Amino acid sequence: MFAVFTWLADWLIYEVFGLPAGGRWADALHFFVEDTTKILVLLVVMIYVIALIRASLNVERVRLFLSGRHRVVGYVLGAGFGAITPFCSCSSIPVFLGFISAGIPVGVTMAFLLTSPLINEVAVLLLLGLLGWKFTALYVVVGMSVGMLGGLLLDLWHAERLLQPFAAKAYQQAPNATLGEVARPAMSLAERHAFARGELAEIFGRVWKWVLIGVGLGAALHGFVPQGWLEAHLGQGQWWSVPAAVLLGIPLYSNATGVIPVMESLITKGLPVGTAIAFCMSTVAASLPEFILLKQAMQLKLLGLLFGLLLVSFTLVGWALNLLGPVL
Amino acid sequence: MKEISVLGSGCAKCTKTAELIEETARAMGCEVDVTKQTDPAVIMGYGVMSTPAVVIDGQLVHSGSMPLRAQIEQWLAD
């Protein structure tokens, strides 16, 4: 199914540009052409199709669905909804406060907020296209587990004590809050199409440059880092390579769309799977801008706790997958 | 004169929304006072979970996206 993109890159690089196969530039450019065309086409088709299905799901509905659930069910559902409901990162504060003021436990809310940037339809689709279903399944399971366990721990630590005063007050008053009923008529196909077109324009407009940057970096790695170099320097034997990848990932904040092509290149060059996943997750989930936003609703101590929790869990995940990797 | 607040954390979409409302009002010759509201406690008070959101004279009229020009014209005409 994806052979057409390989063919296109072959034709462009070897015939139109006449570069000799196997050269560094030819390798890098081939990777760039094949991956950008493949990713951009996949994005257009999949964002549209998924938006068509997702049209009637919004955060208000998710909140209504989550409120009053048992906590354990809440973590699973929270992470699940996080995986399928995208929202602009500027909305993370209103979403957080909206959930809290509906009496949804902080842990369940965080399971939703942590999983959302990690796993979204664009990321899953890119992983599928570039690294195959096994890797994709692993990524989704790990991402949701981090979200659920993170939420559980935050509740065990009674994280609601560490909210900013106005947020804590809203949480305590929640039993009296009335949730806005989402009474919307069923959507017609024409309305779904209009929604999907809007989503496509919005998401594509936001991520295309990340695709170019990500694939560009991936192509440079692919063409110019010698085979075996990564394995020798950042392979299994170096226990510190996982925490180092996690720490490196944070300031490199990006969205999943940009990181995945880099991951593809790193893995094909011999970087262990666990190290790559740990790097990807810390780049996507633990961002300074996001934390500065969350500061408005959480006390510094809670932010620190959250940050530490993410670092430790990504590192553990990385180590575990590196050990398991050869089995997969 | 209509009191309009645009609720949001101050990202690009919220800024653009406020600008679009001002521009539309000017074009219609309508007097408005547009303010940007970034205080999370206030946003929570309106029960808004997706931004940008628009409040006109204390009434929430829109949330979750940049409003279309036609929508704004309708709000201002009322």
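Which residue in E4(B) does B:Val55 stand opposite? I start with that question because the model is a predicted one, and it seems sensible to begin from a single pairing and work outwards. In E4(B), the residue opposite B:Val55 is B:Leu60, and the neighbouring pair to look at is B:Ile56, which stands opposite B:Gln59.

These pairs belong to a hairpin that E3(B) and E4(B) form with two residues between them, and in the turn B:Asp57 has a positive phi of about 45 degrees. Strand E4 covers residues 59-63 of chain B, and its pairing with E3(B) is antiparallel and runs over four bridges.

Turning to the other partner of E3(B), strand E1, at residues 2-7 of chain B, is also antiparallel to E3(B) and is joined to it by four bridges. Within that pairing, B:Ile4 has B:Ile56 as its bridge partner, the residue that stands opposite B:Gln59 in E4(B).

Stepping back to the sheet as a whole, chain B has four strands in an open sheet, ordered E2-E1-E3-E4, with mixed pairing. At the edges are strand E2 (32-37) and E4 of chain B, each of which pairs on one side only, and from one strand to the next the twist averages 20 degrees.

What, then, covers the two faces of the strand we began with? In a regular strand the side chains alternate between the two faces of the sheet. For strand E3 of chain B, residues 53-56, B:Ala53 and B:Val55 point to one side and B:Val54 and B:Ile56 to the other, and all of them are buried, so that both faces are covered.

Now to chain A, where the UniProt record, an unreviewed entry, places the feature "transmembrane region" at several stretches, including residues 106-130 and 300-321. In the model, residues 106-130 of chain A are 92% helix and 0% strand, with the end C-alpha atoms 35 Å apart, whereas residues 300-321 of chain A are 100% helix and 0% strand, with the end C-alpha atoms 32 Å apart.

My last topic is the second largest pocket, which holds about 410 Å³ of space. Its lining comprises 22 residues, and those closest to its centre are A:Leu248, A:Leu252, A:Val262, A:Leu266 and A:Phe279. Which helix gives the most to the lining of the second largest pocket? That is H10(A), with five residues, while the helices that each supply at least two residues also include H12 (241-249) and H14 (273-285) of chain A. By character, the lining divides into 16 nonpolar residues, six polar and no charged.

Key: Residues numbered from 1 in each chain as written. Chains lettered and ligands numbered in written order. Predicted model: local features only at pLDDT ≥ 70, side-chain atom pairs only at ≥ 80, totals over all residues. Heavy atoms only, no water. UniProt positions renumbered as here; feature names shortened; annotations may be inferred. Buried < 20%, exposed > 50% of the residue type's maximum accessible area, 1.4 Å probe, protein only. Pairing = 2+ DSSP bridges. Axes fitted to C-alpha atoms, helices over the stretch in contact; angles between N-to-C directions. 1 Å grid on protein atoms, 1.4 Å probe; cavity = no way out; pocket = protein on both sides within 12 Å on 5 of 7 lines; lining within 4 Å. Points joined across faces, edges and corners; volume = space filled by probe spheres on them. Nonpolar A, V, L, I, M, F, W, Y, C, P; charged D, E, K, R; others polar.
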